[in-house]
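I record here what I looked up in this structure, entry by entry.

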Amino acid sequence: MTGTSNGTMNGTPRKERPAEPLLVAEDLVVEYPSKGWRKPPFRVLKGVSISIGAGETLGLVGESGSGKTTLGRAVLGLAPIASGTVRFDGKVISGLGAKERRALSSDIQVVFQDPYTSLNPAMTVNDILSEPLRVAGTPRAEAEKRVRDLLDHVRLPADAGERLPREFSGGQRQRIAIARALSRDPRVIVCDEPVSALDLSTQARVLDLFVEIQERTGVAYLFVTHDLSVVRHISHRVAVMRGGEIIETGDAATVTTAPQHPYTQRLLLAAPVPDPQRQAERRAERRRLAAVLAAGTSTEVPTNASMSGDRA
Amino acid sequence: MKLPDSDDTTGAVAPAVAAQGRAGILRRLLRNPVAVTCLVLLALISLASLFAPLLTSQDPARSSLTDSLAPMSGKHPLGGDGVGRDVLARLLYGGRTSLLGALLAVAVAVVIGVPAGLVAGYYRKWFDAVSSWVSNLLMAVPAIIVLLVVMSAVGQNTYLAMAVFGVLMSPGVFRLIRASVISVREELYVDAARVSGLTDARIIRRHILPVVQAPTIIQAAQMLGLGIVIQSGLEFLGLGSATQASWGSMLNDAFGNIYTKPELMVWPGLALAVTVAAFGLLGNALRDALDGTAVTGRKPSRGATTRKPGAEKKAPPVISEAQDTDDALLVLEGLTVSYPTAQGEKTVVDGVCLTVRRGEVLGLVGESGSGKSQTAFAILGLLPREAQVATTRLEFDGTELGRLGRAAMNRYRGHRIAYVPQEPMSNLDPSFRIGAQLVEPVRRHLGLSAAEARTKTLGLLERVGISDPERVFRAYPHQISGGMAQRVLIAGAVSCEPDLLIADEPTTALDVTVQAEVLDLMRSLQSERNMGVILVTHDFGVVADLCDRVTVMQTGAVVESAPVDQLFADPQHPYTRMLLASTLEDAEPRSALSLSRTVSASAAGAVGIAGTTDPAGVTNSAGITNTGRQEGPA
């Protein structure tokens, strides 16, 4: 609960300059060194700007290789930022030293995609959940109490703490990962495809949990996913990424039902609807759009048709 | 949307599993008779060496000519050696030299190798480069020659030689540790620990050392054996300290008297063999004990869910169509698949019946563990050997497949029944060109010549929408994208004009735009060739797109089977209804910051792309923050 104390009751910005959203990324460029001598580095993000307000969910959609996961990792300080800035609560957090970065851990947290590898298999759930608290200097007894509360919040039984991650199903493990992210009352959680590995019915329940937690705690989500229907369900606003750039942003209803950019339209029409008649209509619509694109200037080269090793 | 809370939230896990496994490596080790024997032997040998002065009153170095090659007696229980020293005393004291020397070597190797491996693996960069280079250099050096040089240079000191040998062994430890650290470092839980604010030292201690521990202990056990062998070898060559008793020098002495008193070889030889073998076997047993944890720690294989007998009352399956099997291409009745496990037999498919007509697309839908893939593999006859498969009827185009031998089944598989897998990349052999992989089955099944097969394959590649078939034909799998690999596999599947195509989640690994194209391709190929298709999937969107009929499976059994329109319009079974309710497609989009409708417009402005912020909106969104967080749990 840091930072909320200094007088935002009436919404007055705490500093003189105009306040900005909780988390802002500006012209973010991320580059990974290429293999091979003197090759130019591989640019994954090409000047991306996003912002997330407190208590808001920004859905980040894109296909594989679009850079959506990298953007999340850059916010977490896990990806090498070549230029541009990330600001949290008005302070620049890109390029911080290890110590300052650690201080941010109470404010910015993460839930990863794969619930099978994001929990240390050798540690009990209690140890996993209390670790971030103990790092922050919480006394043992208090940490134990907090862990019980957290398990309750994510609707896991109280005795779950004594067990190892492998004794839980995928959905339950993801709940543990969510509890870990919540343990120190963060203000932003980066969610990297947190429901992609889950079954359909489990997925819906975990998403409901995300929404419920947000409504209760006011945490903001940067929600990375490839699934437009997931994004529609959870996001207030949506940003669509392609090839390391954001090509469209807007509120969730607009982007996921009436997108402007041809690529987003293509993305939307490509996702099959679970209704045979409507899917037939959507299929016809998709073919019509494809025909229009093909007949047009045809600058739109479908990425999958290019023969290259860029999917390595 | 409110969903019933199923077992996902109740945490129905047998607590017995919890205790097992964690309680440990030690207990599992003690359950292994070989390990126990080794541990007892090693303990005896160590204790005997340690308490040598209590076990014998003889001085191992005192020689007396009268006792030279003395027989066993009360004074010399194992007799005397070539220069009249007591064999038992030398054996006991010699154990000290051998064990301490080996321990020293291993300690040196571990003390150098583990920290260097940890730092190199965790931080990489220049230290990794330099230390790897040094380690490679050390490994290239012939150890025995270095030891001979050292001993001739600094004198015959056994322990110094073993310390040097430890340095020479350290690259082995270094490489092992470095490799394990690098693989653990990629794990998401290490990333999560970094995000949690753990220091590097703490991450290494809490998350990385425990993983590295096991291989280090195994390696150390093996190295102890090796150390004893090398040390004895040096002593045998007469390079050890002349005054110190050791097993190697005993062998040396015995070798000198091999014709006069060959039994002298027995005692040191026995001691060496037993000790070295014990270390080696203990290392293996440790590895097995640790592997036990590793295996149970892996994620459960798909479809391997244990069914709780009688835990839930299932509604009977709803089959909403006449079971008319006259024009059926494939009829499957009463399929049961089970696997033997430690807890008894586990049934993953239980009495599944399904029918595919010619030219019909059957969707086989279910969540993980429903047995849908197992069913598909059972039809193909491709289940693993340990699977126990039983069917009352498996009829393909009038032939009962269940009774066919392997050779007969091979004539159907790939020819009349084709298969498209989930992971296109792992189903292409990376060491062969794509053309070769496509041509081979065509030649085999259709008996075409090489040239004919090539023409046919190129035509197929073009048919599946590959714009430059010649190039793809010559390419290796790693040179094409995932979507194109799936097209190639589809081309391969339809190359022999099959009557039935079984596709197991053919688009799950693909991006959504590519998925749409691949589904289009499958639809057009299906109608063009009038194929029957079994499409295994978990995605109701894909079902709606492609299927004529749908069979829904839950925990190994069919719960509902209906024509596609009917299933979506009027699902009968509660499980089907639950699944359809879980799809998010028709969910209401969230409005911008639903906490306060009145501010949503300006809040949306405030949280727009950075730079377009307007201060008025921020006021509101900040206010929302406050209310929101006051209701927080803390």
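Entry 1. I began with B:Ile145, which lies in helix α8 of chain B. The model is a predicted one, and I read each value below as computed from it.

Entry 2. I asked whether B:Ile145 is buried or exposed. Its relative accessible area is 47%; because exposed requires over 50% and buried under 20%, B:Ile145 counts as partly exposed.

Entry 3. I then looked up the surface around this residue. B:Ile145 belongs to a nonpolar surface patch of about 630 Å². The other members are B:Ile144, B:Leu148, B:Val149, B:Phe236, B:Leu237 and B:Phe255. Which helix gives the most to this patch? I found that helix α8 (residues 143-154) of chain B does, with 4 residues.

Entry 4. I turned next to the sheet. In chain B, 7 strands form an open sheet with mixed pairing, in the order β1-β12-β11-β4-β10-β9-β8. At its edges I noted β1 (318-319) and β8 (417-420) of chain B, each of which pairs on one side only.

Entry 5. I examined one strand pair within the sheet. Strands β9 (residues 500-504) and β10 (residues 532-537) of chain B pair in the parallel sense, over 5 bridges. For B:Ile502, I found the bridge partner B:Ile534 in β10(B).

Entry 6. I closed with the helices on the sheet. Helix α19 (residues 482-494) of chain B packs on the sheet and touches β8 and β9 of chain B; its direction makes about 175° with that of β8(B). Helix α23 (residues 574-582) of chain B also packs on the sheet, touching β11 (549-554) and β12 (557-563) of chain B. The direction of helix α23 makes about 100° with that of β11(B).

Methods: Residues are numbered from 1 along each chain as its sequence is written. Chains are lettered from A and ligands numbered from 1 in the order in which they are written. This is a predicted model: local features need pLDDT of at least 70, side-chain atom pairs count only at pLDDT 80 or more; totals for chains, interfaces and linings use all residues. Side-chain values use heavy atoms; hydrogens and water are left out. Two strands pair if DSSP finds at least two bridges between them. Helices (H or I, at least four residues) and strands (E, at least two) are DSSP runs, numbered from the N terminus. Contact means heavy atoms within 4.5 Å. Axes are lines fitted to C-alpha atoms, for helices over the stretch in contact, and angles run from 0 to 180 degrees between N-to-C directions. Patches are made of residues with over 30% relative accessible area and no salt bridge: like charges are joined within 9 Å, nonpolar side chains (Val, Leu, Ile, Met, Phe, Trp, Tyr) within 5 Å. Accessible areas come from the Shrake-Rupley method with a 1.4 Å probe; for residues, only the protein chains shown count as cover. A salt bridge is a side-chain nitrogen of Lys or Arg within 4 Å of a carboxyl oxygen of Asp or Glu. Buried means under 20% relative accessible area, exposed over 50%, partly exposed in between (1.4 Å probe, protein chains only).
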